[in-house]
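Student: I have never read a protein model before. Could you show me how to read its features one at a time?

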Protein chains: 2
Amino acid sequence: MVSLPNEGHVAELADLFRLLGDSTRLRIVLACLDAPVAVGDIAVGLQLSNSLVSHHLRLLRAARIVKAERQGKQVFYAAADQHISRVLADMLEHIAEPHPRPD
Amino acid sequence: MVSLPNEGHVAELADLFRLLGDSTRLRIVLACLDAPVAVGDIAVGLQLSNSLVSHHLRLLRAARIVKAERQGKQVFYAAADQHISRVLADMLEHIAEPHPRPD
DNA sequence: ATAACATGTGAACACTTGTTCATCTGTTCA
DNA sequence: TGAACAGATGAACAAGTGTTCACATGTTAT
């Protein structure tokens, strides 16, 4: 049951979903879902350029999907809160849902 | 706790989020979240052209975010399953979450 | 059959956006 | 101070996408 969000919240909601709506960016979020990871390590792990990862992380951080914490030369990123994990888990369940007959 | 989705699932996940990532399309989803609504009624309710609503509904239906049911001349659309509502609810909670300090 | 209504669809446009490259800021250690 | 490392950022381009317009499809009635 979702109490209908007002106009402003709809735009904010859409912005969040749009950020998760790119495969590269989504993989970055998934990479730092369980524990903080440094930018460079994300880049290596996903085989992306540091620049690209950094660009995406900036957007994700601005939307508070991830949070950053500096440790020396490195900056570690992690999922901002539990809700992000839940959103992902719910959407995975949606995918897992058997699609019977239509359309 | 999210068991890491494989490559194919990441793309599928991203596609779903991308569809919810447009304000117009998101409003359409919200409009038929609780009960089936006809295309024309959605258009009137949101002040959009029938054509635009239809275009969006096609994408949403292809991704099984909404399901369609014909009744005479009209076609009623409704959210496909509970997971969609949950995803939206979780993301709303994320927005409601107080953002304490950083940046 | 025809008309009227509801929805679907293809093409075309403007606009947005992901990616790369080059450069810059900031931090640590010598 | 300088060099070396980690990350951030702006510009520019290709590719993708939301919207409109005109027209097609399908359904119910006369």
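Tutor: Gladly! Let's start with one residue. How would you describe A:Arg18: buried, exposed or partly exposed?

Student: I don't know where to draw the boundaries.

Tutor: Buried means under 20% relative accessible area and exposed means over 50%, with partly exposed in between. A:Arg18 has a relative accessible area of 41%, so this residue is partly exposed. Keep in mind that what you see is a predicted model.

Student: Which residue forms a salt bridge with A:Arg18?

Tutor: The partner is A:Asp15, and the closest N and O atoms of the pair are 2.9 Å apart. The cut-off for such a nitrogen-oxygen pair is 4 Å. A:Asp15 is itself partly exposed, at 38% relative accessibility.

Student: Where in the chain do A:Asp15 and A:Arg18 lie?

Tutor: Both sit in helix H1 of chain A, which covers residues 7-20. They are three residues apart, which is about one turn of the helix.

Student: How many salt bridges are there over all chains?

Tutor: The search of the whole structure finds two. You have met one in chain A; in chain B, B:Asp15 forms a salt bridge with B:Arg18, with 2.9 Å between the closest N and O atoms. That pair lies in helix H1 of chain B, three residues apart. B:Asp15 is partly exposed at 37%, and B:Arg18 is partly exposed at 40%.

Student: How are chains A and B arranged? What turn lays chain A on chain B?

Tutor: A turn of 180° does it, with a shift of 0.0 Å along the axis and an RMSD of 0.0 Å. The two copies are thus related as by a two-fold rotation axis. Now look at where they meet: 100% of the interface residues of chain A are also interface residues in chain B, so the copies meet through the same surface.

Student: Can we look at a residue that touches the other chain? Which residues is A:Asp90 in contact with, leaving aside its neighbours within four places in sequence?

Tutor: They are B:His83, B:Arg86, B:Val87 and B:Asp90. A:Asp90 itself is found in helix H5 of chain A, residues 82-96.

Student: And is A:Asp90 buried or exposed?

Tutor: A:Asp90 is buried, yet it has no salt bridge. The nearest side chain of opposite charge is B:Arg86, 5.0 Å away. Compare that distance with the 4 Å cut-off for a salt bridge.

Student: Let's step back to the whole chain. How many helices and strands does chain A have?

Tutor: Five helices and three strands. Read from the N terminus, their order is α-α-β-α-α-β-β-α. The C-alpha trace of chain A spans about 50 × 35 × 20 Å along its principal axes.

Student: What share of the 103 residues in chain A is buried?

Tutor: Buried residues make up 46% of them. The accessible surface of chain A comes to about 5,600 Å², and 50% of that surface belongs to carbon and sulfur atoms. As for charges, the mean positions of the 11 positive and 12 negative ones in chain A are 9 Å apart.

Student: How do I read distance along the chain against distance in space?

Tutor: Take two pairs in chain B. B:Asp34 and B:Ser85 are 51 residues apart along the chain, with their C-alpha atoms separated by 8.9 Å. B:Leu52 and B:Pro5 are 47 residues apart, with their C-alpha atoms separated by 33 Å. B:Asp34 is in the loop between helix H2 and strand E1 and counts as exposed at 53%. B:Leu52 lies in helix H4 and is partly exposed at 32%.

Student: One last thing: what should I know about phi?

Tutor: Most residues other than glycine have a negative phi. Here, B:Gln47 has a positive phi near 60°. B:Gln47 is in the loop between helix H3 and H4 of chain B, and is exposed at 74%. Another case is B:Arg64, not a glycine, with a positive phi of about 55°. B:Arg64 lies in the loop between H4 and strand E2 of chain B and counts as partly exposed at 23%.

Note on methods:
Residues are numbered from 1 along each chain as its sequence is written. Chains are lettered from A and ligands numbered from 1 in the order in which they are written. This is a predicted model: local features need pLDDT of at least 70, side-chain atom pairs count only at pLDDT 80 or more; totals for chains, interfaces and linings use all residues. Side-chain values use heavy atoms; hydrogens and water are left out. Copies are superposed by least squares on the C-alpha atoms of residues with pLDDT of at least 70 in both. Contact means heavy atoms within 4.5 Å. Helices (H or I, at least four residues) and strands (E, at least two) are DSSP runs, numbered from the N terminus. Buried means under 20% relative accessible area, exposed over 50%, partly exposed in between (1.4 Å probe, protein chains only). Accessible areas come from the Shrake-Rupley method with a 1.4 Å probe; for residues, only the protein chains shown count as cover. Lys and Arg count as positive and Asp and Glu as negative; His and the chain ends are not counted. The place of a charge is taken as NZ of Lys, CZ of Arg, CG of Asp or CD of Glu.
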